[in-house]
Amino acid sequence: MALLAIEDFSVSYGKAEAVRSVSVEVEKGRIATVIGPNGAGKTSLLNAAIGLLPASGRVIYDGEDISRLDVEQRVEMGFCLVPERRELFGEMSVEDNLRLGAYSHRRAHAQNKRSLDEIYDRFPRLMERRRQAAGTLSGGERQMLALGRALMARPKLLMLDEPSLGLAPLITREILATLPSLCENGVSILLVEQNARAALETADFGYVMETGDIVRSGPADALIHDPMLITTYLGGHG
Amino acid sequence: MTADIAAILAVDGIATGAIYVLIALGFVLIFAVTRVIFVPFGDIAAFTALTVAALELKQVPGTVGLVAALAVLATLVEVVSLLRARSPGRIPKALVFYLVLPLAAAGAVWLTAGHALPMALRIVLSLVLILPVAPLLDRIVYRPIADASVLLLLTVSMALHFALVGLGLLFFGPEGVRTETLTDATFEFGSVFVPGQTVMIVGAALLFSALLYLFFEFTLTGKALHATAINRTGARLMGIRPERAGTIAYLLGSLLAGVSGILIAPVNTIFYDSGFLIGLKAFVGAIIGGLVSFPVTALGSVLVGLLESFASFQSSAYKEVIVFSILIPVLLWRSYTTVHSEEDTEE
Ligand SMILES: Nc1ncnc2c1ncn2[C@@H]1O[C@H](COP(=O)(O)OP(=O)(O)OP(=O)(O)O)[C@@H](O)[C@H]1O
Ligand SMILES: [Mg+2]
């Protein structure tokens, strides 16, 4: 059974429908990715799935219908989102941002300390900058902080909205390369990416979204060789 | 004016300013977390003073009825909104929070009011009783319009203040009160005699400012409040409930306002409507701090106190005029020096 099943999901802004009856699944311990052009509705899908936007349809998480729960309850269940705009606490230090990431486990002091050390091991840059205000970090450091802050919550299911936003291709690969190691630690991932090739290379399963609809889906290594995708999203050649 | 008189006025001004500091810090705290300019903090201070006075006279204070009425109303609002959201599972917790706890506070005061109580106990009971007022008002009035503009929230705050003054008259009556002095000791600094009451006021302002600093600097709850103020969406995604952060902010602010009410009541006669002027002067202090900076707010409030003290020596009829006149240059200065930031800054 899938860890996350978004079923028949629709999101509208007033009259404009940004997501139309979309269904997406994430298997336990796997990475699923949603790719698609600007304005396809990917961000709307993730924001609604975590409960920041109202939506019709159902969100089944770990066998339970969580559509009625509020954002905070979903987060407490280990369902987390790194949003497109990151929403860091700019005036606070890197370390405070990370500490607040574990707010939903605020009583587990020893474990939070261990998580913090793990994050610093994974991103030594954050360790160097731990007293610096989050708002003064470079773009790449911010992405690391956003990801690290989400990992402090020890998520079971992590949704990432364009972790490569505004980053050089090399750093993009570096960030995406950390994802499979998260899966080994029991995290399942729903990844939204502009960089279709890098996303499909990282993921197990892929969905292609266009103007609110899923137009294609399948195992990532099949999609990466799909002739239609190669011409539109993957830049022609392999 | 001789140096001696100046020193006396300065001591007096610092004490008055210290009262404003306590209330002004509450303004900044609430505004940061909820974007509400909680005008009724002055009323909270005045109601605390009236509560202590009633307990001194072995009467049941009007606050008991006020808290009970607000608790029932807030519970209704909360239960209806939970039913609407189809989460009846959260009703028991809501009942404890909005009904049982406030009624327990009201009940405790109601049962003990007829007895002669030691001063410390009277003060603690009054504070316990005043604490639920602002969070209950938050639930009833502000939460349904949490996403409204700052201006609308301010307008609602003004309306709420006038409603509270009306309720104050209803529950406390028109008489002014002055409570027993907290201490009769006097201290001598050089040639200036300083009443113990003044020392206590300044000490309390320092103590609570320090506690507030420690709370924000060293506790995760304090940081969660700060985070909510900086980025609501980010906070929610960490599992921090903005409503809960708001409640904590209201409780802390009420504690500060309550303490200031207790400290001012032995030196000033307090009526049901005295809160407005106190609150407004504290508000000038908060504006000097731009409603964001705690240290500048504290300095600003002391400045207001000093100005008031010297102004009342020069011409007591015009002291309010002089105090509020400084608001104009301060506002001009602030509007020229602060960079206007959008409510949600893009990365
Ligand atoms: N707050 C809003 N109000 C009205 N329309 C919106 C709002 N947010 C998004 N939209 C519209 O919904 C559609 C989907 O937007 P969304 O941000 O979900 O796309 P996306 O796939 O994430 O795009 P990108 O790859 O550029 O991030 C777009 O047409 C967008 O203009
Ligand atoms: Mg997007």
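# Tour: the A–B interface, a magnesium site and a helix

Begin with chains A and B together: about 2600 Å² is buried between them, and carbon and sulfur atoms give 56% of that area. Keep in mind that this is a predicted model.

**Stop 1: the interface.** Select the residues in contact across the two chains. You should get 28 from chain A and 24 from chain B. Five salt bridges run between the chains. To see one of them, pick A:Asp96 and B:Lys223. Their closest N and O atoms lie 3.0 Å apart. Six residue pairs are in polar contact between chain A and chain B, both partners at pLDDT 80 or more.

Now hide chain B and colour the side of chain A that touches it. Helices α2 (71-76), α3 and α6 (139-151) of chain A each supply at least two residues there. The largest share, five residues, belongs to α2(A). By class, this side holds eleven nonpolar, four polar and 13 charged residues.

**Stop 2: the magnesium ion.** Select ligand 2. Which residues coordinate the magnesium ion? A:Thr43 does so through OG1 and A:Glu84 through OE, at 1.8 to 2.4 Å. Trace the chain between them: A:Thr43 sits in helix α1 (residues 42-50) of chain A, while A:Glu84 is in the loop between β6 (79-82) and α3 (94-101), 41 residues apart. Is A:Glu84 buried or partly exposed? It counts as partly exposed, because its relative accessibility is 27%.

**Stop 3: helix α6 of chain B.** Select residues 133-142 of chain B. Nine of the ten are buried, among them B:Leu136, B:Asp138, B:Arg139 and B:Tyr142. Show the surrounding helices next. The buried residues of α6(B) pack against α2 (41-56), α3 (62-84), α4 (91-112), α5 (119-130), α7 (150-172) and α11 (242-264) of chain B.

Key:
Residues numbered from 1 in each chain as written. Chains lettered and ligands numbered in written order. Predicted model: local features only at pLDDT ≥ 70, side-chain atom pairs only at ≥ 80, totals over all residues. Heavy atoms only, no water. Buried < 20%, exposed > 50% of the residue type's maximum accessible area, 1.4 Å probe, protein only. Helix = DSSP H or I, 4+ residues; strand = E, 2+ residues; numbered from the N terminus. Contact = heavy atoms within 4.5 Å. Donors = N, O, S within 2.8 Å, 3.2 Å for Na, K, Ca; no water. Buried area = accessible area lost by both parts, 1.4 Å probe. Salt bridge = Lys/Arg side-chain N within 4 Å of Asp/Glu carboxyl O. Polar contact = N/O pair within 3.5 Å; in protein donor to acceptor, adjacent residues only side chain to side chain. Nonpolar A, V, L, I, M, F, W, Y, C, P; charged D, E, K, R; others polar.
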